[in-house]
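Please read the following report with the sequence and the model side by side, and try to find each part in the picture as it is named.

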Amino acid sequence: MISHESGAPGTYRKYRLLLKKFREFSESRGFVLIDQWQPNDVREFRTAWAISPNTASRRLSMLKSFFEYCVSQ
């Protein structure tokens, strides 16, 4: 569970939404491991979003941070 002590509730809501969509996309592809994701999959995931380019850029930044965390661990 994510601690809400260090961030705004809206930020956590955005993270939960993005990770829910990430999980759904992963399941639709049959991915069970993070290393199954390839750059092309990220691009296809991005094209499925019906959002403005600015919002997409912010969400991609959040997704990039998630992948960097996974790689570092």
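The report below moves from the whole chain to its helices and then to single residues.

**The protein as a whole**

This is a predicted model, and every value given here was computed from it. The protein contains 3 helices and 0 strands, so that, when read from the N terminus on, its elements follow the order α-α-α. Taken along the principal axes, the box filled by the C-alpha atoms is roughly 35 × 30 × 20 Å. Of the 73 residues in the protein, 22% are buried, where buried stands for a relative accessible area under 20%. Among the contacts with a separation of 6 or more, 39% are between residues 24 or more positions apart.

**Helix α1**

Helix α1 covers residues 9-29, and its end C-alpha atoms lie 30 Å apart, which agrees with the 30 Å that its 21 residues should span at 1.5 Å a residue. Which residues of α1 are buried? They are Gly10, Tyr12, Leu18, Phe22, Phe25 and Ser26, and what covers them includes α2 and α3. Just after α1 comes glycine 30, which takes a positive phi of about 80°.

Two serines of this helix make a useful pair to study, since serine 26 is placed in α1 and serine 28 is placed in α1 as well. Is each of them buried or exposed? Serine 26 is buried, with a relative accessible area of 8%, whereas serine 28 counts as exposed at 57% relative accessibility. When residues up to four places away in sequence are not counted, serine 26 touches Phe31 and Trp37. In the case of serine 28, a polar atom of the side chain lies 2.7 Å from the backbone oxygen of phenylalanine 25. Arginine 23, which also lies in α1, is partly exposed, with a relative accessible area of 47%.

**Helix α3 and its two sides**

Helix α3, made up of the 20 residues 53-72, reaches 28 Å from its first C-alpha to its last, close to the 28 Å expected at 1.5 Å a residue. Its buried residues are Ala56, Arg59, Met62, Leu63 and Phe67. Seen down the axis of α3, these buried residues fall within an arc of 140°, and they therefore line one face of the helix. A general rule helps in reading such a pattern: an α-helix has 3.6 residues a turn, so residues three or four places apart point the same way.

The face of α3 turned away from the buried side carries the exposed residues Asn54, Arg58, Lys64, Tyr69 and Ser72. On the buried side, the cover includes α1 and also α2, which spans residues 39-47. Proline 53 is found in α3 too, and this proline is exposed, with a relative accessible area of 63%.

**Where α2 meets α3**

How do the axes of α2 and α3 cross, and within what distance do they come? The two axes come within 11 Å and cross at roughly 145°, and the crossing is right-handed. The contact is made by Val42, Phe45 and Arg46 on the side of α2, and by Ala56, Leu60, Leu63 and Phe67 on the side of α3. Of these α3 residues, Ala56, Leu63 and Phe67 also appear among the buried residues of the helix.

**Separation in sequence and in space**

The table sets the separation of residue pairs along the chain beside the distance between their C-alpha atoms.

| Residue pair | Apart in sequence | C-alpha to C-alpha distance |
|---|---|---|
| Arginine 23 and phenylalanine 45 | 22 residues | 11 Å |
| Proline 53 and lysine 64 | 11 residues | 16 Å |
| Serine 28 and glutamate 68 | 40 residues | 23 Å |

Arginine 23 belongs to α1, while phenylalanine 45 is one of the α2 residues that make the contact with α3. In the second pair, lysine 64 is one of the exposed residues on the face of α3 turned away from its buried side.

How values were computed. Residues are numbered from 1 along each chain as its sequence is written. This is a predicted model: local features need pLDDT of at least 70, side-chain atom pairs count only at pLDDT 80 or more; totals for chains, interfaces and linings use all residues. Side-chain values use heavy atoms; hydrogens and water are left out. Helices (H or I, at least four residues) and strands (E, at least two) are DSSP runs, numbered from the N terminus. The expected span of a helix is 1.5 Å times one less than its number of residues. Buried means under 20% relative accessible area, exposed over 50%, partly exposed in between (1.4 Å probe, protein chains only). The arc is that of the directions from the helix axis to the C-beta atoms. Contact means heavy atoms within 4.5 Å. A polar contact is a pair of N or O atoms within 3.5 Å; within protein, one must be able to donate a hydrogen and the other to accept it, and residues adjacent in sequence count only if both atoms are side-chain atoms. Axes are lines fitted to C-alpha atoms, for helices over the stretch in contact, and angles run from 0 to 180 degrees between N-to-C directions. A crossing is left-handed if the near helix is turned anticlockwise from the far one by less than a right angle, and right-handed if clockwise.
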